[in-house]
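Q: Please take one part of this model and describe it closely for a first-year student. Then explain, step by step, how the surrounding parts of the chain are arranged.

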Amino acid sequence: MKANFHHLVRCAVMTAATILLASCDNTPKFQVSGTITEAADSLLIFEDMALDGPQLIDTLRLDAGGAFSFTAKAPEGSPGFYRLRIGGQIVNVAVDSTETITVKASYPTMASQYTIEGNDDCAKIKELTMLQMDLQARAQAVANDPTLTGTAPADSILRMIATYQQKVTREYIYKEPMRAYSYFALFQGIAVNQAYIMVFDPRQRMEDARPFQAVATSWDQFYPNSLRTKNLHNIAVESIKTQNIINGKGAEIELPADKVSEADLIDLPLTDNKGALRHLTELKGKVVLLDFHVFAADDSPARIMMLRELYNKYHDRGLEIYQVSLDSDEHFWKTQTAALPWISVRDSEGRSNAYLSTVESVPCSFIINRDNQVVMGASAIKNLDTDIAKYL
């Protein structure tokens with residue numbers, strides 16, 4: 001009996017300690033709660049849409065009533081962006097501080113048919129989401145239209161996106177650039193035939209950097225020094241750098257004197273897309289196409305297809321491609337090169353590098369023979385296929 005008494009005392013003490021510790025937690029928090037009906041036994045996922053991708057906060061197995069409640073640390077420095085998700089059905093949520101957000105929806109239409117209260121930005125984000133879904137449906141319909149051939153589908157989709165940009169910048173971004181929904185609008189995109197297209201893409205269209213600059217300037221005033229504000233500035237600046245590389249003026253690429261020996265041997269030690277240091281000299285014994293490339297350029301997809309044909313045709317006979325990316329965005333470069341079969345490296349110095357300071361145009365190639373000697377410069381190459389075949 002005494003043992004049971006002592007056990008009860010210890011349990012009471014532990015419970016009191018737990019309550020005390022919980023009461024001492026003064027971390028500011030926000031709450032997202034509500035109901036999602038017709039989703040019994042579904043897993044509801046609550047995620048933080050951080051700058052480096054979705055971060056799991058919590059999950060909940062819904063019962064027949066569909067009630068849920070999530071609590072998380074309040075965002076610091078600027079609004080935070082979160083999402084509720086069941087499979088591919090998503091409800092986007094913006095949070096300023098310690099508010100309580102209430103969401104009501106029914107599965108499986110929760111992505112489009114939901115109500116949300118507690119933050120005015122959330123209603124605007126819903127409007128933007130509905131506009132995005134409409135654009136997605138219309139673009140996919142064009143892509144599936146059998147009467148459209150050649151470049152007609154792509155041209156039509158690009159016109160749709162341009163019209164969408166005008167509406168969103170006029171009615172949302174430029175109207176209130178300091179708001180969370182304006183930030184959200186910058187990162188919208190559509191998926192057409194499994195290809196993801198950003199609505200605003202500063203890497204490929206310099207004019208798309210303007211809305212980023214507008215929001216960044218406004219956020220400097222309202223949310224100075226926040227990571228999201230700095231990220232907006234970085235995107236705008238990197239866009240300008242990329243466009244300078246693509247549209248640079250001067251002579252053709254010149255290989256650096258310190259990388260080429262007196263015997264005309266060349267080495268360019270650069271890190272590849274898997275993190276390994278690669279050297280041109282390690283390819284001695286192969287014919288190498290040294291190719292300088294910008295994946296953010298409009299003509300990049302067509303050139304990559306052409307290089308794939310060359311690689312497939314001549315790789316078994318000893319051809320290797322050593323492709324140097326001049327893209328300023330490392331993540332974008334890694335994404336674009338993940339499935340390429342040849343060596344993909346990146347020059348992080350970009351145009352500041354000695355041999356790129358006078359670049360006139362990209363892409364630009366050199367042919368290196370089996371003895372690691374540069375045998376054809378960019379200006380001498382007239383037809384890559386026949387010129388490479390000469391040295392195999």
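**A strand at the edge of a sheet**

A: In strand β15, Ile-343 and Val-345 point one way, Ser-344 and Arg-346 point the other way, and all of them are buried. The model is a predicted one, and the description below should be read with that in mind. The side chains of a regular strand alternate between the two faces of its sheet.

The partner of β15 may be considered next. Strands β14 and β15 run parallel and are joined by four bridges. One pair of residues that face each other is Val-324 and Val-345, the latter in β15. In general, the strands of a sheet pair through backbone hydrogen bonds, in either a parallel or an antiparallel manner.

The whole sheet is open and has five strands in the order β15-β14-β13-β16-β17, and its pairing is mixed. Its edges are formed by β15 (343-346) and β17 (374-376), each of which pairs on one side only. On average, neighbouring strands of the sheet are turned by 30° against each other, when direction is ignored.

Further into the sheet, β13 (residues 287-293) and β14 (residues 319-325) are paired in the parallel sense over seven bridges. Here Val-287 stands opposite Leu-319, a residue of β14. Helix α7 (residues 300-314) packs on the sheet and touches β13, β14 and β16 (364-368). The direction of α7 makes about 155° with that of β14. A second helix, α8 (residues 330-337), lies across β14 and β15 and runs at about 175° to β15.

The loop between β16 and β17 holds Asn-372. The phi of Asn-372 is near 65°, a positive value in a residue other than glycine. Most residues other than glycine have a negative phi, and most peptide bonds are trans. Asn-372 counts as buried because its relative accessible area is 4%, below the limit of 20%.

A second residue of this kind is Asn-225, which has a positive phi of about 70° although it is not a glycine. Asn-225 is found in the loop between α5 (209-222) and α6 (227-246). Asn-225 has a relative accessible area of 65% and is therefore exposed, the limit being over 50%. The peptide bond between Tyr-107 and Pro-108 is cis, with omega at about 10°. Pro-108 is placed in the loop between β7 (100-106) and β8 (114-117).

Helix packing can be followed in another part of the chain. Two packed helices are described by the angle between their axes and the distance between the axes. The axes of α2 (residues 120-143) and α3 (residues 152-173) cross at roughly 165° and come within 9 Å. That angle is why α2 is roughly antiparallel to α3, since angles over 145 degrees count as such. The crossing of α2 past α3 is right-handed. Residues of α2 that meet α3 include Leu-128, Leu-131 and Leu-135, and those on the α3 side include Ile-157, Met-160 and Ile-161. By class, this contact of α2 with α3 has 13 nonpolar, two polar and four charged residues.

The chain then enters the loop between α3 and α4, where Tyr-174 is placed. Tyr-174 and Pro-211 are 37 residues apart in sequence, while their C-alpha atoms are 7.4 Å apart in space. Apart from residues up to four places away in sequence, Tyr-174 touches Thr-169, Arg-210, Pro-211 and Ala-214. Tyr-174 is partly exposed, its relative accessible area being 42%.

Ser-182 belongs to helix α4 (residues 180-186). Its relative accessible area is 0%, so Ser-182 is buried. Besides neighbours within four places in sequence, Ser-182 is in contact with Tyr-172, Ile-173, Glu-176, Pro-177 and Val-215.

Towards a later part of the chain, Ala-389 lies in helix α9 (residues 384-389) and is partly exposed at 27% relative accessible area. Ala-389 and Arg-317 are 72 residues apart along the chain, and 9.4 Å separates their C-alpha atoms.

These parts belong to a protein chain with nine helices and 17 strands. Of its 392 residues, 43% count as buried. Among contacts in the chain with a separation of 6 or more, 61% are between residues 24 or more positions apart.

How values were computed: Residues numbered from 1 in each chain as written. Predicted model: local features only at pLDDT ≥ 70, side-chain atom pairs only at ≥ 80, totals over all residues. Heavy atoms only, no water. Axes fitted to C-alpha atoms, helices over the stretch in contact; angles between N-to-C directions. Helix = DSSP H or I, 4+ residues; strand = E, 2+ residues; numbered from the N terminus. Parallel < 35°, antiparallel > 145°, perpendicular 65-115°, else oblique. Left-handed = near helix turned anticlockwise from the far one by under 90°. Contact = heavy atoms within 4.5 Å. Nonpolar A, V, L, I, M, F, W, Y, C, P; charged D, E, K, R; others polar. Buried < 20%, exposed > 50% of the residue type's maximum accessible area, 1.4 Å probe, protein only. Pairing = 2+ DSSP bridges.
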